[in-house]
Structures are given as structure tokens and as C-alpha cells.
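Dear colleague,

Please find below the structure I am handing over to you, together with its sequence. My notes on it follow directly after.

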Amino acid sequence: MNNKPFPTRARAIVVGGGIIGCSTAYHLAKLGWEDVVLLERKQLSSGTTWHAAGLVTTLRDTEAQTRLAQYSLKLYSELETETGQATGFIRCGSVQLAMTEEKAEEMRRGCAMARTFGVEYREITPQEVKELFPLAEVNDLIAGFYFPDDGRVNPADVTQALAKGARQRGVNIIEDTLVTNVIMDGDRAVGVQTDKGDIQADVVVLCPGMWGREMGLKAGVDIPLQAAEHYYLISEPIEGLHNMLPILRDPGRGIYAREEAGKIMLGIFEPTAAPWGVDGIPEDFCFDEIQPDWDRMANHIEKGMGRLPILLDTGIRQFFCGPESFTPDHNYLMGRAPFKENLFVACGFNSLGILSGGGAGYVMAQWINDGVQPMDIWDVDIRRVQPCHNNKSYIVDRIVESLGIAYQMHWPNRQWETSRNVKQSVLHDRLKAAGACFGESAGWERPNWYANPGQKADYEYDFGRQNWFENNRQEHLAVREGVGVFEQSSFAKLLVQGRDAERVLNRLATADLSVAVGKVVYTQFLNARGGIEADLTITRLAMDRYLVVTAAFTQVHVHAWIHENIPSDAFCVVTDITGSYAMLNLQGPQSRALLSSISSADFSSAAFPFATMQNIEIGYQNAMAMRISYTGELGFELYVPTEMALPVYNRLIEAGSEYGLRHCGYHTLNTLRIEKAYREWSHDMGPLETLLEAGLGFTASGDKAGGFIGREALLEQRESGVLKRRLVQFLLDDPEPMLAHNEPILLDGNSVGYTLSSGYAHTLGACAAMGYVNHEDGVSKELIENSRFVIEQANRSYSATASLTPMYDPKSERTKS
């Protein structure tokens with residue numbers, strides 16, 4: 001019992017006493033933070049933590065999530081010795097099953113990646129599955145995958161162990177205290193309001209679990225979370241069971257199973273879930289259960305029991321239903337809240353809070369302490385969230401699909417089926433009529449590829465060449481040889497204006513923005529350690545006005561980054577004008593001729609140089625035309641006022657028939673840019689990679705007045721003279737295989753990295769990929785040219801040619817022609 005007086009001041013306040021909150025407080029204290037207060041509305045672990053299955057399995061979808069799980073596994077194995085509090089940790093291993101050749105292929109690919117990160121595994125036969133888990137039916141299996149280092153914990157116990165470790169380091173944990181709001185001073189979090197009084201603080205960390213959305217709305221932060229019913233059952237005792245029985249995961253039946261005190265726990269991740277607490281979670285919720293819906297779950301239970309037939313004859317001691325909260329994209333929500341100071345968020349772990357909890361607490365504490373994340377976690381960064389993702393109807397409808405997505409097939413280019421058509425371009429119907437097959441990004445419906453007449457505009461998923469491969473080839477070659485049009489209205493457009501706009505942006509951007517009006521500048525934003533936080537173009541529209549253009553999925557992050565770095569004395573504002581302009585991107589050697597046929601402007605290189613902008617007229621309409629390229633060809637991006645977009649589009653399509661104009665989708669934009677070795681932020685570079693490592697040192701103006709954020713770190717690395725990590729372009733020697741991403745890269749037989757972006761380079765004639773090569777002695781041109789590279793995929797190896805310079809048009813003569 002806590003007998004301390006209720007505090008009025010703390011250095012850090014952690015809101016929420018589940019495993020994430022306790023881990024964050026524990027790790028802050030471990031870093032030496034004093035005066036940390038953790039506030040829990042009821043009792044520790046009483047929300048969703050207490051009824052978790054406690055699985056700690058290390059094979060995850062991304063490097064970041066794998067690292068979090070690995071850290072958790074190590075921490076939990078040592079925590080009892082450190083604190084004296086039992087955690088229930090058992091290193092029992094786990095087995096994942098594959099019922100189809102497609103699932104086996106997926107697993108082999110994932111395991112090859114995981115091996116790069118140090119995850120131990122081996123593929124086993126169905127009979128070996130039977131030997132490890134004798135109760136399992138194995139006649140319908142293709143293979144199993146055994147992870148001997150995986151384990152399990154008791155969730156409530158491990159939470160108490162973290163809490164005890166935190167208390168031992170001085171953390172004040174206060175239960176039965178409801179946080180009603182975050183106290184803000186402008187954009188700065190300065191404390192919290194509780195039902196027992198206010199507490200001032202330097203830092204506030206929100207770890208509220210399934211209460212996240214409601215708390216976020218009060219604080220002005222989008223935290224898209226929705227609870228859903230989650231089920232497991234526990235059998236009557238079964239003779240011969242022991243606690244070293246491995247965890248069994250069966251995606252084909254949507255279940256997991258493990259031993260539980262001589263009984264079997266069978267958990268279910270059904271493909272169509274039931275949202276819960278849509279109108280709010282009861283205020284008195286504490287270790288509560290939900291009334292189970294037997295009728296809805298009967299078929300899923302029967303299907304799951306088919307893997308362990310003994311359960312059909314064994315009594316069920318408990319049929320449990322409790323809430324778990326899920327995010328719209330099934331990725332966590334972590335990091336600094338956008339547009340806020342000293343406010344952090346860690347929640348939305350999609351029923352994976354136990355296996356990620358230790359690592360998540362470590363990352364959050366380091367981030368809070370250092371001001372920079374200790375690993376690249378963009379896939380779980382809260383700044384990826386768009387305001388539309390927090391729409392209640394959107395979340396409720398998406399959660400129906402999100403709960404079970406982890407147990408579905410993870411196809412390349414897989415699209416969500418629920419909560420679609422949130423944002424549509426004004427040209428959406430025209431694109432649909434042209435054959436567009438739409439994908440979703442940042443809420444936008446975007447044409448990924450275009451079907452030919454008579455072809456259905458739907459995906460047919462495969463690990464090889466999917467049904468749109470030929471469409472992609474035709475679009476790709478149209479841009480290389482003629483002209484293609486890309487509809488890219490989803491790209492974020494931020495207007496930065498005011499008499500101090502140049503000063504503000506020059507402090508953020510690596511390039512010098514003291515340029516003439518009409519100049520388009522390709523540049524990056526860096527963090528203090530020199531890591532790349534944004535990759536974008538900035539165009540000077542007037543002496544006091546710039547247009548920043550960035551990818552749709554980075555809209556919130558880039559907007560917030562600029563906003564947060566405007567000095568208080570600066571006359572500068574940022575306005576999101578994304579919806580004000582449609583964007584049509586004409587790319588290819590015939591783009592100049594096509595535009596010249598519909599506009600009186602002079603598009604020659606002498607009159608319209610590369611990396612410049614001009615205001616042009618097309619018929620009765622106006623547009624900002626930027627001569628820029630993300631394809632490696634001559635091209636022009638047309639920013640058209642939304643109300644003028646339809647007539648401009650119609651004019652382009654009508655005139656384009658003479659020049660062989662072809663509609664092109666985002667898949668083609670991707671294959672073109674990979675063939676040209678153009679980088680994409682969050683795929684090929686991020687907050688942990690520097691300009692020099694990413695091959696973008698040429699964008700930095702090291703001697704511009706006032707410097708830029710990250711300049712000192714960049715100069716220090718440049719002066720060292722040795723780069724131990726560099727981004728490299730690869731081209732397979734075999735024209736048949738298709739790469740996806742996360743395939744291990746071997747240099748002379750040794751693992752040196754893994755692939756990032758990949759796509760079929762139709763002009764070069766094989767699949768291309770980008771990936772970092774790591775080498776302690778430095779990654780030199782000679783090393784790349786004189787070494788033998790192999791890319792592993794599943795249980796196959798492909799030789800590849802590597803280059804530090806683009807294999808297609810290395811001097812960029814075509815873009816500047």
C-alpha cells in the first residue's frame with residue numbers, strides 16, 4: 001500500500017499501470033530518472049494485461065518489432081533474479097504451423113529475415129511437430145517452424161515484477177487514481193488532472209491501453225484504438241501435460257495453444273471480429289470479463305479444436321472473453337505526440353503487449369531521455385496516424401478485420417478490405433473508368449495499377465509475379481519510351497509562409513533554401529544525430545512563401561516537424577493545402593511534346609530548366625508546373641487547383657492519344673524509381689541513417705549561414721573518412737525471381753544486411769532492390785565491385801550485381817534532357 005502523500009510535482013508522469021506503463025516507468029528509473037510517478041485508474045494490470053496469454057514469440061513482421069520482442073524475452077528471463085518477484089517465465093519454445101505451400105513460403109521468407117536479426121529457428125516436418133506437441137493433429141500440415149528460444153510468462157506477475165523494479169529505483173506508483181485530462185500550456189504538456197488533484201510534470205507519457213482514444217481526444221492527440229472481443233478457452237486437466245510443451249501457433253485455423261497448469265489454453269483470432277465498448281468502456285472496469293457469444297464463436301472453436309482433437313472429448317473448464325484493443329493498421333502506437341511538446345504515447349499493441357512490453361518500455365525511456373528514438377520504429381510511430389484514422393466509424397469497421405490479420409496470409413501488396421474510400425481525388429471516377437485498381441495509403445484511394453480492357457481491376461495475390469505484372473511492364477516501358485500520367489493528388493502539400501519562412505526552413509533543411517523564386521530544391525530534414533527525418537522537395541513560390549511537398553503517409557510527421565521547430569519569435573506559419581491542389585505527373589521523353597501541344601508555355605530546357613517551377617496555362621485553367629522527376633525520365637509535375645483538375649485532366653487525355661499517353665499507377669512509380677536507385681523515406685532511409693550512408697551527401701550545404709539541425713553529426717561522420725554502412729542497389733542475375741523486402745544480403749557468404757525496397761526493373765531486365773551493406777572495415781567502391789553478393793529468399797539464393805551508383809542512367813542525362 002502506498003502511504004506517501006499525493007504528489008503535486010513530478011519529473012515524469014506515466015499514465016497507465018499495464019505492462020507498457022510499468023515497463024516505461026521501470027526503464028526511466030533505470031536511466032537514473034528520479035521523481036517518476038505512475039498513475040493507475042484501478043489496479044496494476046487490471047485492464048487488458050491481466051488476461052493476456054503471456055506468449056513471448058520473437059518472429060515478427062519487421063526488424064523493429066523483432067528487436068522489441070527479443071529485448072522483452074531477455075528482460076523477462078532476468079527480471080525475477082533482479083527484483084525477487086516471480087514472472088512465470090518459461091523458455092518452452094514455440095512452433096508455428098503451415099497448412100499450405102503458400103504459408104510455408106511465407107514462413108521461410110520470414111525466418112530467413114529473422115535469422116539476420118539473430119532469431120534461432122529450424123524448419124521441421126509434421127512428424128517432428130508431433131514429437132514436440134504430441135496432442136497435435138499433423139496430417140494436414142506441410143511443415144512446422146520451431147523457435148527454441150521463445151517463451152511464456154504470467155502477464156500479471158511480470159507486470160508486478162516491473163513495478164517492483166521501478167519502486168526499488170524510486171518510482172512512486174499510485175493506484176485507484178483516475179487521470180481525467182492532460183494539462184497543456186499551449187502545445188506543451190505540463191502535467192495531468194486527476195480525481196485526487198493536479199500534478200505538474202516535465203514529461204507526460206500516455207500508456208492508457210484501450211482507453212487511449214478517449215484520453216487522446218482530451219489532449220488533442222489522435223490515438224486510433226478500438227476494443228474488440230477476444231476469446232480463449234481452458235480445458236479440464238489432461239494427463240501428461242507439462243510446462244515445457246512449446247507454444248503452438250496455427251494461422252491456418254486462427255488459433256494458438258499452450259499448456260496452462262496441466263490444462264490446454266486455446267486462443268482464437270477469428271478473421272471477422274466483434275467490436276466491444278463502441279459507446280465507451282465502463283468506468284468501473286477492473287479485471288472484468290465480457291459475456292461470451294457462443295453462437296458467433298462455435299464454428300471457430302470447432303475449427304481450432306481440430307488441431308487438438310483431444311479437446312473435443314475433454315471438458316472445457318473456462319470459456320473466456322475479454323477486451324483487447326487494436327489499431328487500424330495492426331501496428332503499435334509509440335513515440336512523441338505530433339504538434340505537442342513533452343507528451344509521449346505508448347499503447348495499441350494489438351494483443352502483443354506482453355511480448356513487446358519490455359522492449360517498448362526501453363525504447364520509450366531512451367526516446368524521452370535522449371530526444372531521439374534508439375531504433376527506427378517508423379512502422380509503429382504515432383506520427384504515421386492521419387486524423388481520418390481516428391474517425392470512430394472508421395475504427396469500428398476496420399477493427400473487424402484488424403484483430404485477425406496477424407493470422408492471415410501476409411501477401412506482398414496486400415490491401416485492407418474494410419474502411420475504404422475515406423479520401424478520394426476529384427479525378428477518382430475518371431481513373432476508375434480508365435481501369436484503375438485502387439490501393440489505400442494515408443486514407444487515400446490511389447491507383448496502384450491499371451487494368452487493360454476486359455481485365456478485372458482486382459488483385460490476385462501471389463509470392464511470384466502477380467496478375468498485374470504485365471500491366472506494370474507496359475506502364476513502366478511507356479514512361480521509359482513515351483509518356484505516362486500519374487495521378488498523385490494524395491501527396492501532402494504544406495505552405496510555409498511569413499517573413500521568417502526562409503530562416504525557419506534553412507534551419508531544418510540540409511540544402512540551402514536562399515534560392516531564387518521558382519527554384520525547386522530536393523532536400524532532407526535531419527535530427528540532432530544526423531538521422532534522416534524527412535525526404536522532400538521545397539519550392540520557393542515568393543520571397544516569403546515556400547511549398548513543401550512530401551509523401552502522403554508522412555503528412556502529419558513533416559507538418560509537425562516544421563511546426564515544432566518554428567522559434568517562438570519567428571513570423572512563420574504552416575498551412576496544409578493538400579486538398580487545394582490535384583497533382584498530375586507527366587513523365588517520359590514525350591512529356592515535353594505533349595505539354596507543348598496544350599500550353600503556350602516554353603518547355604525547352606533553356607526556358608524551363610530542371611528543378612524549376614513556372615506558372616502555366618492549359619486552356620482556360622492554370623497550374624504550377626515543376627520540372628522534377630522521381631522516375632529517371634524527363635517529366636513535369638502539374639499542381640492544378642482542385643476546381644480546375646477535371647478540365648485539365650480531360651485536355652491531357654484527349655491530346656495524349658497522339659503521343660501514346662498511358663495511365664500509370666503507384667506500383668509503376670515504384671519500379672521506375674527503384675530501377676533508377678531513387679530513395680524512399682521509411683523504406684530506404686530513416687531516423688537512424690545519415691545522408692552519407694544513404695548516398696545523399698550531395699544534398700547538404702555544409703557551409704550555409706546558420707547551418708542546419710544535424711550538421712555537426714554529418715560533418716563528424718564525413719571527417720572520419722570511413723563509412724561502415726552504405727545503401728547499395730542490387731540487380732538479380734536471374735530475370736525470373738521476384739523480391740519483396742527483408743531478404744538477407746550475403747557478401748562472400750557472410751550476412752551484411754537485408755533488402756529494403758524492391759521491384760522489377762523492366763528496362764534492366766530483372767528484379768532490383770535497395771539495401772544497406774554493413775562492413776567493419778568500411779564500405780568502399782572497391783568492396784562493392786570486387787565482392788560476390790547473394791540475396792537469400794526463403795530457402796533459395798540468388799546471385800546479384802551490386803552498385804553504389806544507379807544502374808540506369810547513372811549520370812541522370814535523361815531527366816535533364
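In this predicted model, strand E32 (residues 725–732) pairs with strand E35 (residues 766–774) in the antiparallel sense, over 7 bridges. Within this pairing, Phe-730 has Ala-769 of E35 as its bridge partner. Strand E32 is also joined to strand E37 (residues 796–803) by 4 bridges, and these two strands likewise run antiparallel. Here Leu-731 is matched with Thr-801 of E37. As for its surroundings, E32 is mostly covered, with 6 of its 8 residues buried.

A second point concerns two helices. Helix H15 (residues 591–598) packs against helix H16 (residues 645–656) at an angle of about 115°, and their axes lie 10 Å apart. The crossing of H15 and H16 is right-handed. On the side of H15, the contact is made by Leu-594, Leu-595, Ser-597 and Ile-598, while H16 contributes Arg-651, Leu-652, Ala-655 and Gly-656. Sorted by character, the residues of this contact comprise 5 nonpolar, 2 polar and 1 charged.

Lastly, I would draw your attention to one loop residue. Where does Glu-680 lie? Glu-680 is found in the loop between helix H17 (666–675) and helix H18 (711–720). Its side chain makes a polar contact with the side chain of Arg-673, at 3.0 Å. If neighbours within four places in sequence are left aside, Glu-680 is in contact with Phe-553, Tyr-630, Asn-670, Arg-673 and Met-685.

With kind regards

Conventions
Residues are numbered from 1 along each chain as its sequence is written. This is a predicted model: local features need pLDDT of at least 70, side-chain atom pairs count only at pLDDT 80 or more; totals for chains, interfaces and linings use all residues. Side-chain values use heavy atoms; hydrogens and water are left out. Buried means under 20% relative accessible area, exposed over 50%, partly exposed in between (1.4 Å probe, protein chains only). Two strands pair if DSSP finds at least two bridges between them. A polar contact is a pair of N or O atoms within 3.5 Å; within protein, one must be able to donate a hydrogen and the other to accept it, and residues adjacent in sequence count only if both atoms are side-chain atoms. Contact means heavy atoms within 4.5 Å. Axes are lines fitted to C-alpha atoms, for helices over the stretch in contact, and angles run from 0 to 180 degrees between N-to-C directions. A crossing is left-handed if the near helix is turned anticlockwise from the far one by less than a right angle, and right-handed if clockwise. Ala, Val, Leu, Ile, Met, Phe, Trp, Tyr, Cys and Pro count as nonpolar, Asp, Glu, Lys and Arg as charged, and the others, Gly among them, as polar.
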